[in-house]
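Q: I should like to learn how the features of a protein model are read. May we take one example and work through it step by step?

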Amino acid sequence: MFSTAEFKQGLAAGMPIGIGYVPVAFTFGFMAVSGGLPVWAAVLISFTNLTSAGQFAGTNLIVAGAGSVEVALTTFVINLRYILMSLALSQKIDAAASLKERLIWSFGITDETFVVASVGNKTLTSSYMFGLIALPILGWNAGTLLGGCISQVLPEALQNAMGIGLYAMFVALIVPAARDSARVLLIILIAVAVNCLLMYIPAFSFISSGFRVILATIAASAVGAFLYPEESGEGGETS
Amino acid sequence: MSMTRVLICIALMCLVTYIPRVIPVTLFRKQIRSRYIRSFLNYTPYAVLGALTFPDIFTSSGHLASAIGGTAVAVLLGFWRRSLVEVACAAILTVFVIELFI
């Protein structure tokens with residue numbers, strides 16, 4: 001049953017997230033289009049993915065000319081954390097929420113909407129969830145469109161310097177987390193080390209760039225989980 | 001760039017982003033108990049982003065020198081917890097300025 005009051009409550013909770021998404025999505029649209037994608041493709045990615053790290057990485061590989069299997073696997077690995085968030089949310093969802101409703105609003109689970117939805121002891125109704133995801137979806141797509149359009153009218157010299165942009169955003173995602181947690185830092189260093197080994201040792205040259213990243217990720221995360229299995233509170237935030 | 005490949009990639013990305021979100025709230029509705037699996041899932045975003053960034057970031061601009069400069073600025077600003085947008089813009093600007101002198 002739809003509750004307007006719950007929906008409005010969700011909208012209010014989602015508004016700061018939606019506003020916060022605009023500049024990040026703007027940068028994404030900007031990078032994707034200066035990397036060679038048409039504006040509509042950048043917006044389509046934002047519209048169908050609604051995620052930061054996963055779609056940045058996937059777009060990076062698309063622009064680099066990687067195969068679709070690599071793109072899908074890399075994106076999937078980054079998105080594995082949503083399983084945890086979705087599982088955590090499933091404990092707090094109103095039992096009356098229908099399957100159809102769950103199928104729709106689960107699309108809007110992001111790091112930020114998850115955090116907002118999961119704080120407090122509120123039982124989450126579908127009306128609330130629809131309100132919560134509405135403005136983040138709007139902000140994410142509007143920001144991408146704007147960034148993509150502006151990217152097209154920039155001088156070429158500046159566009160050449162854009163190549164570092166997406167990587168710089170990756171750096172901005174991992175450095176603060178590494179600063180907070182020596183474990184996260186170690187895992188990042190292992191991933192980079194494995195990636196470099198696979199890249200520079202000639203015997204491994206048959207491994208493509210996407211699979212290299214996947215192997216490095218699995219190795220580093222497995223070592224991390226083996227060494228530090230009790231990490232529970234930190235480590236889930238990426239965007 | 002083949003638009004067919006781009007569209008296939010986007011469709012696959014959509015699918016593999018949606019699946020981890022939708023399956024637990026619709027089907028399982030149970031907690032993962034294994035702390036090993038939980039930790040593994042928690043660590044994957046950092047590992048994947050690290051491997052995506054290094055060493056490729058050093059070949060992302062015309063010259064190694066400008067890329068190192070941009071990377072240093074990005075790491076420093078990231079350490080100071082500046083936003084994604086600020087870090088990206090500062091790195092781009094650094095590369096742009098260094099390229100002017102090369």
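The dialogue below treats the chains, the aromatic pairs and some details of the backbone.

A: Please note at the outset that this is a predicted model.

Q: How many helices and strands does chain A have, and which elements make up chain B?

A: Chain A has twelve helices and zero strands. Reading from its N terminus, one therefore meets only α elements, in the order α-α-α-α-α-α-α-α-α-α-α-α. Chain B has four helices and, again, zero strands, with the pattern α-α-α-α along the sequence.

Q: What does the radius of gyration say about each chain?

A: The value is set beside the one expected for a compact globule with a given number of residues. For the 239 residues of chain A that expectation is near 18 Å, and the chain has 19 Å, which agrees. For the 102 residues of chain B a compact globule would have a value near 13 Å, but the chain has 19 Å. The C-alpha trace of chain A spans about 60 × 50 × 30 Å along its principal axes, and that of chain B about 60 × 40 × 20 Å.

Q: What share of the residues is buried in chain A and in chain B?

A: A residue counts as buried when its relative accessible area is under 20%. By this criterion, 55% of the 239 residues of chain A are buried, and in chain B the share is 47% of 102 residues. The accessible surface of chain A is about 9,500 Å², with 71% belonging to carbon and sulfur atoms. Chain B exposes about 4,900 Å², and carbon and sulfur atoms supply 72% of that area.

Q: What part of the contacts joins residues 24 or more positions apart in chain A and in chain B?

A: One considers the contacts with a separation of 6 or more and asks what part joins residues 24 or more positions apart. In chain A that part is 78%; in chain B it is 42%.

Q: How should I read a pair of aromatic rings, and how many aromatic pairs are found here?

A: Such a pair is described by the distance of the ring centres and the angle of the planes. The whole structure holds eight aromatic pairs over all chains. In one of them, A:Phe107 and B:Tyr18 have ring centres 6.4 Å apart and planes at 55°, so the pair is tilted. This pair crosses between chains: A:Phe107 lies in the loop between helix 6 (99-105) and helix 7 (111-118) of chain A, while B:Tyr18 belongs to helix 1 (residues 3-28) of chain B. B:Tyr18 is partly exposed, with a relative accessible area of 23%.

Q: What are the distance and the angle for B:Phe54 and B:Phe58, and which residues form a cluster of ring pairs?

A: The ring centres of B:Phe54 and B:Phe58 are 5.9 Å apart and the planes stand at 45°, so this pair is tilted. B:Phe54 is buried, at 17% relative accessible area, whereas B:Phe58 is partly exposed, at 28%. In chain A, ring pairs link A:Tyr21, A:Phe28, A:Phe56 and A:Trp140 into a cluster.

Q: Which peptide bond is cis, and which residues other than glycine have a positive phi?

A: Most residues other than glycine have a negative phi, and most peptide bonds are trans. Here the bond from B:Phe54 to B:Pro55 is cis, with omega near 5°. B:Pro55 is in the loop between helix 2 (35-53) and helix 3 (64-79) of chain B. A:Leu50, which is not a glycine, has a positive phi of about 50°. The position of A:Leu50 is in the loop between helix 2 (39-49) and helix 3 (53-63) of chain A, and at 3% relative accessibility A:Leu50 is buried. For B:Arg81, phi is positive and near 60°. B:Arg81 sits in the loop between helix 3 and helix 4 (84-101) of chain B and is partly exposed, with a relative accessible area of 42%.

Q: Is A:Arg212 buried or exposed, and which residues does A:Arg212 touch?

A: A:Arg212, in helix 12 (residues 209-227) of chain A, is buried, with a relative accessible area of 8%. Leaving aside residues up to four places away in sequence, A:Arg212 touches A:Asn195, A:Leu198, A:Met199, A:Ile207 and B:Asp56.

Note on methods
Residues numbered from 1 in each chain as written. Chains lettered and ligands numbered in written order. Predicted model: local features only at pLDDT ≥ 70, side-chain atom pairs only at ≥ 80, totals over all residues. Heavy atoms only, no water. Helix = DSSP H or I, 4+ residues; strand = E, 2+ residues; numbered from the N terminus. Rg over C-alpha atoms; globule rule 2.2 N^0.38 Å. Buried < 20%, exposed > 50% of the residue type's maximum accessible area, 1.4 Å probe, protein only. Contact = heavy atoms within 4.5 Å. Areas by Shrake-Rupley, 256 points an atom, 1.4 Å probe, with all protein chains shown as cover. Phe/Tyr/Trp six-rings, centres within 6.5 Å; stacked < 30°, edge-to-face > 60°.
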